[in-house]
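Trainee: I would like to go through the terms used for this structure and see what each one rests on.
Mentor: Go ahead, one term at a time.

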Amino acid sequence: MNAEQLVRLAKEARNRAYVPYSGFSVGAALLCSDGTIYQGCNIENAAFGPTICAERVAFFKAIYDGKREFAAIAVAGGKAGEEVSGLFPPCGVCRQVMREFCDLDFKLYMARENDQFETRTLGEMLPLSFSPADLRD
């Protein structure tokens, strides 16, 4: 699975988003180390607190299925029903969830307009991170 294919799957996942409040749909496609892919979309809630991001949906689906090793994630966002309109990087909470399971070289592909995307590592997106290793003696 190459980066372009993963970004395409993230864009596809946006179609399943439930976004009656913000009107912004986000999709994610998570690539496990074994080649399995999990898609996720953002799901909003009137109480706002229970809202969940696309990235965490993809991770939690994979974790439920017993996956613990991940290679990359692609994220795409924009106004619902429209093409990707700009960069939608993962929020801080999603970055911290990624850090729980991923090393600092984990790849993030963030879709931009016109089938372009930017690539960053988790280390670049979450400098001075706190990981499970910080809790071990």
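**Terms and their grounds**

Mentor: Keep in mind that this is a predicted model.

Trainee: Why is Y21 called partly exposed?
Mentor: Partly exposed covers the range between under 20%, which is buried, and over 50%, which is exposed. Y21 has 44% relative accessibility, so Y21 counts as partly exposed. Y21 sits in the loop between α1 (3-13) and β1 (24-32).

Trainee: What makes Y21 eligible for a nonpolar patch on the surface?
Mentor: A patch residue needs over 30% relative accessible area and no salt bridge, and Tyr is on the list of nonpolar side chains. The 44% of Y21 passes that cut-off, so the area condition is met. The patch consists of Y18, Y21, I43 and F48, and together they have about 440 Å² of accessible area.

Trainee: How do you know that R112 and E118 form a salt bridge?
Mentor: The cut-off is 4 Å between a side-chain nitrogen of Lys or Arg and a carboxyl oxygen of Asp or Glu. The closest N and O atoms of R112 and E118 are 2.7 Å apart, so the pair qualifies.

Trainee: What about E113 with R112, and E118 with R120?
Mentor: For E113 and R112 the closest N and O atoms are 3.6 Å apart. For E118 and R120 the value is 3.0 Å. Both values are within 4 Å, so both pairs are salt bridges.

Trainee: Which residues of these pairs are partly exposed?
Mentor: E113 has a relative accessible area of 28%, R112 has 23%, E118 has 22%, and R120 has 32%. These values lie between 20% and 50%, so each of the four residues is partly exposed.

Trainee: What makes R112, E113, E118 and R120 one network?
Mentor: The salt bridges share partners, and this joins the four residues. The structure holds five salt bridges.

Trainee: Why are β1 and β2 called paired strands?
Mentor: Pairing requires at least two bridges between two strands. Five bridges join β1 to β2 (residues 37-41), so the condition is met, and the strands run antiparallel. A29 stands opposite Q39 in β2.

Trainee: What is found between the strands of this hairpin?
Mentor: Four residues lie between β1 and β2, and in this hairpin G35 takes a positive phi near 95°.

Technical notes
Residues numbered from 1 in each chain as written. Predicted model: local features only at pLDDT ≥ 70, side-chain atom pairs only at ≥ 80, totals over all residues. Heavy atoms only, no water. Patch = residues over 30% accessible without salt bridge, like charges linked within 9 Å, V, L, I, M, F, W, Y side chains within 5 Å. Areas by Shrake-Rupley, 256 points an atom, 1.4 Å probe, with all protein chains shown as cover. Helix = DSSP H or I, 4+ residues; strand = E, 2+ residues; numbered from the N terminus. Buried < 20%, exposed > 50% of the residue type's maximum accessible area, 1.4 Å probe, protein only.
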